[in-house]
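Me: I've got a model open and I want to poke at the labels people put on it. Mind if I ask what earns each one?

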Amino acid sequence: MFQPNTPDGTIPSTPQPVTSPTNQPDPQYENVRHIVFGTLTAIRNTINLLHKLNYAEPNDWSKPLPTGRPNEIMVILTKRIRVV
């Protein structure tokens with residue numbers, strides 16, 4: 001509505017936001033697969049630890065798969081990560 005005058009009688013210009021050009025390329029993403037082998041208890045503990053560290057959600061892992069060895073299973077996590 002009203003703009004204050006400067007001492008020389010001119011109207012000050014509205015400051016413009018400062019923008020700096022970014023020369024960084026768009027981030028690239030790749031898939032990484034984690035495979036964990038062990039007993040069901042050890043695998044559950046590992047999945048819970050990685051969840052507490054905010055690395056992966058428990059539901060992101062595959063269902064336990066048999067390895068053919070006694071008392072051993074495996075699970076797989078595919079995670080999309082940013083590469084620079």
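Me: Let's start with asparagine 54: where in the chain is it found?

Reply: Asparagine 54 lies in the loop between helix 1 and strand 2. Keep in mind that this is a predicted model.

Me: What makes asparagine 54 count as exposed?

Reply: Its relative accessibility is 73%, and the label exposed needs over 50%, so asparagine 54 earns it.

Me: What stands out about the phi of asparagine 54?

Reply: It's positive, near 60°, in a residue other than glycine. Most residues other than glycine have a negative phi. Asparagine 54 comes after helix 1.

Me: Where is asparagine 71, and what is its phi?

Reply: Asparagine 71 is in the loop between strand 2 and strand 3. Its phi is positive, about 60°, although it is not a glycine.

Me: Why is asparagine 71 called exposed?

Reply: The relative accessible area of asparagine 71 is 66%. The cut-off is over 50%, so exposed is the right word.

Me: And asparagine 48, what label does that one get and why?

Reply: Asparagine 48 has a relative accessible area of 38%. Buried would need under 20% and exposed over 50%, so asparagine 48 is partly exposed. Its place is in helix 1. The C-alpha atoms of asparagine 48 and proline 58 are 6.9 Å apart, with the two positions 10 residues apart along the chain counted as their separation.

Me: How do you know that the length of helix 1 agrees with its residue count?

Reply: Helix 1 has 13 residues, and at 1.5 Å a residue they should span 18 Å. The end C-alpha atoms are 18 Å apart, so the two values agree. The expected span uses one less than the number of residues.

Me: Zooming out, which elements does the protein chain have, and how do they run?

Reply: There's 1 helix and 3 strands, running β-α-β-β from the N terminus on.

Me: How are the strands arranged in the sheet?

Reply: The sheet is open, with 3 strands in the order 1-3-2 and antiparallel pairing. Strand 1 (28-38) and strand 2 (65-66) each have a single partner strand, so they stand at the edges, and one side of each has no neighbour in the sheet.

Me: What makes strand 1 and strand 3 a pair?

Reply: A pair needs at least two bridges. Strand 1 and strand 3 (residues 73-83) are joined by 11 and run antiparallel, so they qualify. Among the bridge partners, glutamine 28 goes with valine 83, and asparagine 31 with arginine 80. Helix 1 (residues 40-52) packs on the sheet, touching strand 1 and strand 3, and its direction makes about 20° with that of strand 3.

Me: How do you know that strand 2 and strand 3 pair as well?

Reply: They have 2 bridges in the antiparallel sense, and the requirement is at least two, so they pair too. One of the bridges puts proline 66 with isoleucine 73. The two strands form a hairpin with 6 residues between them, and glycine 68 in the turn has a positive phi of about 95°.

Me: What about tyrosine 29: buried, exposed or in between, and why?

Reply: Tyrosine 29 comes out at 43% relative accessible area. That falls between the 20% and 50% cut-offs, so it's partly exposed. Tyrosine 29 sits in strand 1. Leaving aside neighbours within four places in sequence, it is in contact with Arg80, Ile81, Arg82 and Val83. The C-alpha atoms of tyrosine 29 and arginine 80 are separated by 6.4 Å, though the residues are 51 apart along the chain.

Me: Which residues make up the largest nonpolar core?

Reply: There are 8: Val36, Ile43, Ile47, Ala56, Trp61, Ile73, Val75 and Leu77. Helix 1 and strand 3 each supply at least two, and strand 3 gives the most, with 3 residues. Beyond its neighbours within four places in sequence, isoleucine 43 is in contact with Val36, Phe37, Gly38, Ile73, Met74 and Val75.

Me: How much of the protein chain is buried?

Reply: Buried residues make up 13% of the 84 residues.

Terms used:
Residues numbered from 1 in each chain as written. Predicted model: local features only at pLDDT ≥ 70, side-chain atom pairs only at ≥ 80, totals over all residues. Heavy atoms only, no water. Helix = DSSP H or I, 4+ residues; strand = E, 2+ residues; numbered from the N terminus. Contact = heavy atoms within 4.5 Å. Axes fitted to C-alpha atoms, helices over the stretch in contact; angles between N-to-C directions. Buried < 20%, exposed > 50% of the residue type's maximum accessible area, 1.4 Å probe, protein only. Core = buried A, V, L, I, M, F, W, Y, C linked by side-chain atoms within 4.5 Å.
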